Amino acid sequence: NLESNPPRVAGVCDNCGHELSIRSDDKIATFHKRLQIYHEETWPMIRYYEERNLVTVIDGEQDIDAVSRALQESIATHG
């Protein structure tokens with residue numbers, strides 16, 4: 001991360017020594033476009049399925065085993 005963990009030498013990767021670059025999908029304009037699409041297309045679908053009680057919310061902040069168990073339980077329940 002160029003802000004919270006910048007390389008020792010500006011523009012050069014600490015691990016491999018190659019030149020660093022910013023991917024097009026890491027630019028702020030791309031983020032805003034993705035957020036716009038989310039609000040226009042994804043959120044309405046989530047609401048549609050929530051209204052029909054077909055959405056299971058799983059806390060992805062848990063450890064991987066807990067998330068995996070929650071996913072498996074949800075699939076088994078709603079399968």
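**Close-up views of a predicted model**

**Figure 1. Lining of the largest pocket in the predicted model.** The lining residues of the largest pocket comprise 7 nonpolar, 4 polar and 4 charged residues. In total, 15 residues line this pocket. Those lying nearest its centre are Asn-1, Leu-2, Glu-3, Leu-20 and Ile-22. The space within the largest pocket amounts to about 340 Å³. Rolling a probe the size of a water molecule over the atoms shows where such empty space is left.

**Figure 2. A network of salt bridges linking Arg-23, Asp-25, Asp-26 and Arg-34.** The structure contains 5 salt bridges, and the view is centred on those that join these four residues. Arg-23 takes part in two of the contacts shown: its side chain meets that of Asp-25 with an N to O distance of 2.8 Å, and it forms a salt bridge with Asp-26 in which the closest N and O atoms are 3.5 Å apart. Asp-25 in turn forms a salt bridge with Arg-34, where the closest N and O atoms are 3.8 Å apart. This last pair counts as a salt bridge because the cut-off is a side-chain nitrogen of Lys or Arg within 4 Å of a carboxyl oxygen of Asp or Glu. Asp-25 is classed as partly exposed because its relative accessibility is 27%. Arg-34 is likewise partly exposed, since its relative accessible area is 49%.

**Figure 3. A nonpolar surface patch that includes Leu-54.** The patch covers about 620 Å² and is made by Met-45, Tyr-48, Tyr-49, Leu-54, Val-55 and Val-57. Leu-54 is located in the loop between helix H1 (28-51) and helix H2 (64-78). With a relative accessibility of 56%, Leu-54 is therefore counted as exposed; the class of exposed residues begins over 50%.

**Figure 4. Backbone conformation at Asn-53.** Asn-53 is situated in the loop between H1 and H2. Most residues other than glycine have a negative phi. Asn-53 is not a glycine, yet its phi is positive, at about 55°. Because its relative accessible area is 65%, Asn-53 is classed as exposed.

**Figure 5. Pro-6 and Cys-16 in the segment before H1.** Pro-6 belongs to the segment before H1, and its relative accessibility of 44% places Pro-6 among partly exposed residues. Between Pro-6 and Asp-26, which are 20 residues apart along the chain, the C-alpha atoms are separated by 16 Å. Asp-26 also appears in Figure 2, where it forms a salt bridge with Arg-23. Cys-16 is placed in the segment before H1 as well. Its relative accessible area is 48%, so Cys-16 is partly exposed. A separation of 40 Å lies between the C-alpha atoms of Cys-16 and Glu-40, which are 24 residues apart along the chain.

**Figure 6. Gln-36 in helix H1, shown with Ile-75.** Gln-36 is part of helix H1. The relative accessible area of Gln-36 is 37%, and this residue is therefore partly exposed; the partly exposed class lies between the limits of under 20% for buried and over 50% for exposed residues. From C-alpha to C-alpha, Gln-36 and Ile-75 are 30 Å apart in space, with their positions 39 residues apart in sequence given as the separation along the chain.

Technical notes: Residues are numbered from 1 along each chain as its sequence is written. This is a predicted model: local features need pLDDT of at least 70, side-chain atom pairs count only at pLDDT 80 or more; totals for chains, interfaces and linings use all residues. Side-chain values use heavy atoms; hydrogens and water are left out. Patches are made of residues with over 30% relative accessible area and no salt bridge: like charges are joined within 9 Å, nonpolar side chains (Val, Leu, Ile, Met, Phe, Trp, Tyr) within 5 Å. Accessible areas come from the Shrake-Rupley method with a 1.4 Å probe; for residues, only the protein chains shown count as cover. Helices (H or I, at least four residues) and strands (E, at least two) are DSSP runs, numbered from the N terminus. Buried means under 20% relative accessible area, exposed over 50%, partly exposed in between (1.4 Å probe, protein chains only). On a 1 Å grid over the protein atoms alone, a cavity is a set of points where a 1.4 Å probe fits but cannot get out, and a pocket is an open set with protein on both sides within 12 Å along at least five of seven lines; lining residues have an atom within 4 Å of a point. Grid points are joined across faces, edges and corners, and a volume is the space filled by probe spheres set on the points. Ala, Val, Leu, Ile, Met, Phe, Trp, Tyr, Cys and Pro count as nonpolar, Asp, Glu, Lys and Arg as charged, and the others, Gly among them, as polar.
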